[in-house]
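Me: I should like to learn how to read the side-chain features of a structure that is new to me. Please take me through them one at a time.

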Amino acid sequence: MSDTMNDLDEFFARVTPDSQRAEIQHLGIVVAGSLSKGLQVKLDRSAVVEGMAVGRYVVIRGQTGRRFFSIITDVALDSTNPAIEKAPPDASDPFLARVHQGTSTFGRLEVSPMLVMEEGSEDPKPVKTVPAHFSSVYEATEEDVSRVFGREDERHFYVGAPLDMESVRIHLNLERLVERSSGVFGKSGTGKTFLTRTLLAGIIKQAAAVNLCLLYTSDAADERG
């Protein structure tokens, strides 16, 4: 009996990675799109539209084993019948709301592929193709993000967490970062100054480069006329 239990333990130990993958939230499937304009993803019935956010990382699992590391660029509502927009059902009835949700009405994501991770290769590569129809889309895990940005060590500097992914830590290889010109862009109030200070502090700490900072504001330009 003990030998049988040991055999079962060994078997289930081998399938542990698959069981862990099952815990990763499945968001939806790819239904349309292109490399230049991005991909269209139909959300699953179980996925909450309000839980999606622009800037969040997702991973698309292609049919050839490729994993497309992508970012959400837009969140929208869609329906199978345009008449629903003109004559919406009675939303006060919880039963009707559940019937329509995920069938005649659903959420849609616009996703932009950024990098592709192939089996047997540790280094992500630029995206030159798109996943096939009905490829599964999952939320990006900490392992996926670490594979792209790098894991925490003496060479990688912690800069923060992605939007709505507080449990995921992003570490940058500052030596690689300063090899080329870089910029921090974004709308007002998105944290450009804070991120720039964090990057400069890391570069100074690791003595990765010499920094020349130029301060320019639109207010100052207006005063000069």
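The dialogue below turns to aromatic pairs, charges over rings and salt bridges.

Reply: This is a predicted model, in which local features need pLDDT of at least 70 and side-chain atom pairs count only at pLDDT 80 or more, whereas totals for chains, interfaces and linings use all residues. Residues are numbered from 1 along each chain as its sequence is written, and side-chain values use heavy atoms, with hydrogens and water left out.

Me: How many aromatic pairs does the structure hold?

Reply: Rings of Phe, Tyr and Trp (its six-membered ring) pair if their centres lie within 6.5 Å; planes under 30 degrees apart count as stacked, over 60 as edge-to-face and the rest as tilted. The structure holds 2 such pairs. In one of them, Tyr57 and Phe69 are tilted, at 5.0 Å centre to centre and 35 degrees between the planes. This pair links strand E3 (residues 57-61), which holds Tyr57, with strand E4 (residues 67-79), which holds Phe69, across 12 residues. Strands (E, at least two residues) and helices (H or I, at least four) are DSSP runs, numbered from the N terminus.

Me: Is Phe69 buried or exposed?

Reply: Buried means under 20% relative accessible area, exposed over 50%, and partly exposed in between (1.4 Å probe, protein chains only). Phe69 is buried, because its relative accessibility is 2%. Tyr57 is also buried, at 15%.

Me: Which ring forms the other pair with Tyr57?

Reply: The ring of Phe149 does: its centre is 6.0 Å from that of Tyr57 and the planes are at 50 degrees, so the pair is tilted. Phe149 lies in helix H5 (residues 142-149), 92 residues from Tyr57. Ring pairs thus link Tyr57, Phe69 and Phe149 into a cluster.

Me: Where does Arg169 lie with respect to Tyr158?

Reply: A charge sits over a ring if NZ of Lys or CZ of Arg is within 6 Å of the ring centre and within 35 degrees of the ring normal. Arg169 lies over the face of Tyr158, 3.8 Å from the ring centre. Lys42 lies over the face of Phe106, at 4.6 Å.

Me: How many salt bridges are there?

Reply: A salt bridge is a side-chain nitrogen of Lys or Arg within 4 Å of a carboxyl oxygen of Asp or Glu. The count comes to 7. Among them, Arg66 meets Glu118 at 3.4 Å, N to O. Arg66 is in the loop between E3 and E4, and Glu118 in the loop between strand E5 (105-117) and strand E6 (125-126), so the bridge ties together parts 52 residues apart in sequence. Another joins Arg151 and Glu143 at 2.3 Å.
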